[in-house]
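The following paragraphs walk through a two-chain model, beginning with a local backbone detail and widening to the chains as a whole. Please keep the sequence and the coordinates in view while reading.

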Amino acid sequence: MDLFIQVLLSGLSVGAIYAIVALGFGVIFNATGAINFVQGEYVMVGGLSAAMLYEAWDVPIFVAILVAIAVTTVLGLLTEMGLLGFGRLRTPAAITIATIAIAVIVKGAAMLISVRDTYALPSVLGSESLQILGASTSRQTILNLVLAVLVVIALTLFFRRTKLGTTLRAAAGDSETLQTFGVSYRTTARWAFVIAAALGAVAGAGLAPLTVMSFDSGTLLGLKGFAAAMLGGLGNPQGALAGGLLLGVAEAVVAGYGTSAYADVVAFVVLLAILTFKPTGMFGTARAVRT
Amino acid sequence: MSSMDTNTRAGVHERAGEHDQTQGLVVEGLTVRYGRVEVVHGVSFRALPGQVTCLVGNNGAGKTTTIRGILGLQPSGSRKVTFRGESLAGLPTHAIARHGIALVPEGRRVFADLTVLENLRMGAVRRPGGWRDAEKLGEVFDLFPELRERTDSKAGLLSGGQQQMLAMGRAMMARPEMLVLDEPSMGLSPVLVNRIYEALVALRAQGYTILLSEQNANLALELADHAYVLETGRIVEEGAAAELARSSRVQAIYLGA
């Protein structure tokens with residue numbers, strides 16, 4: 001029983017991070033129809049730069065996290081400028097492919113800047129452990145869960161209640177018609193990339209205390225976040241939360257009761273299964289597309 | 001715009017007469033492609049300010065393609081496309097819209113996941129203060145009371161007729177100089193078609209410049225001042241709407257021949 005609670009908590013803690021990464025995929029998918037493979041790198045940049053600032057430059061932890069989020073958000077803006085501005089890409093397929101190139105560039109730049117070192121970031125809540133139902137866990141676990149739920153609530157309110165959020169939903173529904181009301185495709189895309197990058201950075205800041213960050217932390221995280229997004233239904237905030245938590249727990253169960261060597265495989269099995277049997281995800285609904 | 005609400009039809013025409021003819025939409029030699037295939041071959045026409053101009057033609061004649069070309073939704077070439085004297089050629093769609101042109105697209109294309117109110121607000125999204133434009137919203141609801149009762153419904157759940165009203169209301173919210181309506185009667189029952197055309201009569205009386213594409217020629221020509229007949233991507237006939245309505249070619253289109 002203790003082991004089960006332990007497994008569950010560590011699964012939820014990491015799963016909360018996957019959920020936030022999945023939200024980023026959803027925001028960009030809704031605005032552009034593309035899959036943004038830089039998403040995982042945003043997590044890496046957010047986590048690594050926060051940890052580097054804290055560890056190497058002795059920046060206070062809250063400042064380090066805020067600066068990391070700002071840096072990553074600018075990176076999101078640059079991604080949009082590169083893809084849609086400089087690259088003049090417009091079709092989802094072209095944008096998706098080009099994001100892979102940008103992901104490689106970001107990863108390479110991070111390798112040069114971090115000189116391949118790994119960095120760690122402590123939890124803002126300190127290192128004492130918490131006892132929950134006989135299991136011991138870090139305070140970061142709880143923080144991450146709260147963070148993921150808050151992010152989902154904030155995003156839902158943003159999309160429902162604000163002008164920009166409503167505009168982004170309209171773009172998700174019919175970006176061409178939105179353009180006939182004077183909103184450029186790039187405006188909505190730019191905001192989507194900025195929001196997705198900020199989400200990635202928050203995920204990175206939440207993940208860093210659970211592990212160590214290095215320049216190559218992002219790729220696998222991106223794929224896992226993508227699997228979580230697909231599991232919950234791409235573009236659906238509540239689905240992203242459910243998909244992320246479920247994937248995190250599934251991984252923890254495999255690692256806890258089986259072997260951690262296979263934990264990373266879980267995301268890919270989930271991805272294959274969902275694409276084969278229910279490509280719209282658990283909570284997604286198929287939508288008709290005019291051609 | 002409110003000062004013109006009480007204008008009679010004749011009043012609108014007097015106003016139109018005061019304008020230089022280049023003040024409306026001028027299209028010269030427009031060619032539009034779908035992929036590599038050119039489907040509109042050098043179309044020229046004008047939509048004069050304060051008037052209703054109609055493009056009549058069969059399914060596949062190129063009405064929608066012509067409109068999409070003008071609005072930058074489809075790659076096009078032209079000798080000249082100007083609106084109120086300013087060139088629209090080569091501009092992206094959003095920039096063309098900002099010149100004061102609002103589209104009521106073929107198939108209505110309301111934002112299905114947004115509520116009725118949100119759809120209407122999206123029409124005004126680029127206009128300063130447009131998000132809270134209660135005055136224009138009131139005008140839309142006065143014209144289409146059906147929408148007032150369903151402000152919080154998802155637009156995708158509305159009937160076809162209500163969606164058409166919503167698409168028209170959304171375009172009105174942009175407070176445009178010109179309304180472009182692409183087959184507003186498509187797929188609607190005769191009762192609803194009449195309803196939509198009554199609304200268009202009201203909009204014309206408010207002084208909007210209107211460009212209308214229709215296969216349903218009889219009603220459209222009753223409303224329009226001037227009309228052009230499109231056939232396989234070319235204009236084959238033009239004239240005052242009342243005269244064109246009697247043309248055998250137009251009657252053939254109306255009967256679906």
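Val115(A) adopts a positive phi of about 50° just after helix α4 of chain A; helices here are DSSP runs of H or I of at least four residues and strands are runs of E of at least two, numbered from the N terminus. Most residues other than glycine have a negative phi. The model is predicted, so that local features need pLDDT of at least 70 and side-chain atom pairs count only at pLDDT 80 or more, while totals for chains, interfaces and linings use all residues. Residues are numbered from 1 along each chain as its sequence is written, and chains are lettered from A and ligands numbered from 1 in the order in which they are written.

Helix α4 itself covers residues 92–114 of chain A. Its 23 residues should span 33 Å at 1.5 Å a residue, and the end C-alpha atoms are 32 Å apart, which agrees; the expected span is 1.5 Å times one less than the number of residues. Buried positions in α4(A) are Ile95(A), Ala98(A), Thr99(A), Ala103(A), Val106(A), Ala110(A) and Ser114(A). A residue is called buried if 20 or more other C-beta atoms lie within 10 Å of its own, exposed if 12 or fewer do, and partly exposed in between, with C-beta atoms placed from the backbone. The cover over these buried residues includes α1, α2 (39–55) and α3 (61–86) of chain A.

A second helix, α8(A), spans residues 218–232. For its 15 residues a span of 21 Å is expected at 1.5 Å a residue, and the end C-alpha atoms are indeed 21 Å apart. This helix is mostly covered, with 12 of its 15 residues buried; among them are Leu221(A), Lys224(A), Phe226(A) and Met230(A). The buried residues of α8(A) pack against α1, α2, α4, α9 (237–257) and α10 (263–277) of chain A. Gly233(A), which follows α8(A), has a positive phi near 100°.

Helix α1 returns in the nonpolar core. Such a core is a set of buried Ala, Val, Leu, Ile, Met, Phe, Trp, Tyr and Cys residues joined through C-beta atoms within 7 Å. The largest one has 168 residues, of which Ala19(A) and Ile20(A) touch the most other members. Helix α1 (residues 2–32) of chain A gives the most to this core, with 17 residues. Leaving aside residues up to four places away in sequence, Ala19(A) touches Ala148(A), Ala228(A), Ala240(A), Leu241(A), Gly243(A), Gly244(A) and Leu245(A); contact requires C-beta atoms, placed from the backbone, within 7 Å.

Chain A as a whole has 10 helices and 2 strands, in the order α-α-α-α-β-β-α-α-α-α-α-α along the sequence. Its radius of gyration, taken over C-alpha atoms, is 18 Å, close to the 19 Å that the globule rule gives for 291 residues, so chain A is as compact as a globular protein of that length; the rule is 2.2 Å times the number of residues to the power 0.38. Buried residues make up 52% of the 291 residues. Of the contacts in chain A between residues at least 6 apart in sequence, 78% join residues at least 24 apart.

An unreviewed UniProt entry places the feature "transmembrane region" at residues 7–29, 61–86, 93–115, 141–159, 191–215 and 254–277 of chain A. These positions are given in the numbering used here with shortened feature names, and such annotations may be inferred rather than shown by experiment. In the model, residues 141–159 of chain A are 100% helix and 0% strand, with end C-alpha atoms 27 Å apart. Residues 254–277 of chain A are 79% helix and 0% strand, and there the end C-alpha atoms lie 22 Å apart.

Chain B contains 11 helices and 11 strands, and 47% of its 257 residues count as buried. Two of its loops hold residues with a positive phi. Arg84(B), not a glycine, has a phi of about 55° and lies in the loop between β5 (80–83) and β6 (86–87) of chain B. With 19 C-beta neighbours inside 10 Å, Arg84(B) is partly exposed. Thr232(B) has a positive phi of about 35° and is found in the loop between β10 (226–231) and β11 of chain B.

Where the chains meet, the contact takes 16 residues from chain A and 22 residues from chain B.

Conventions:
Two residues are in contact if their C-beta atoms, placed from the backbone, lie within 7 Å.
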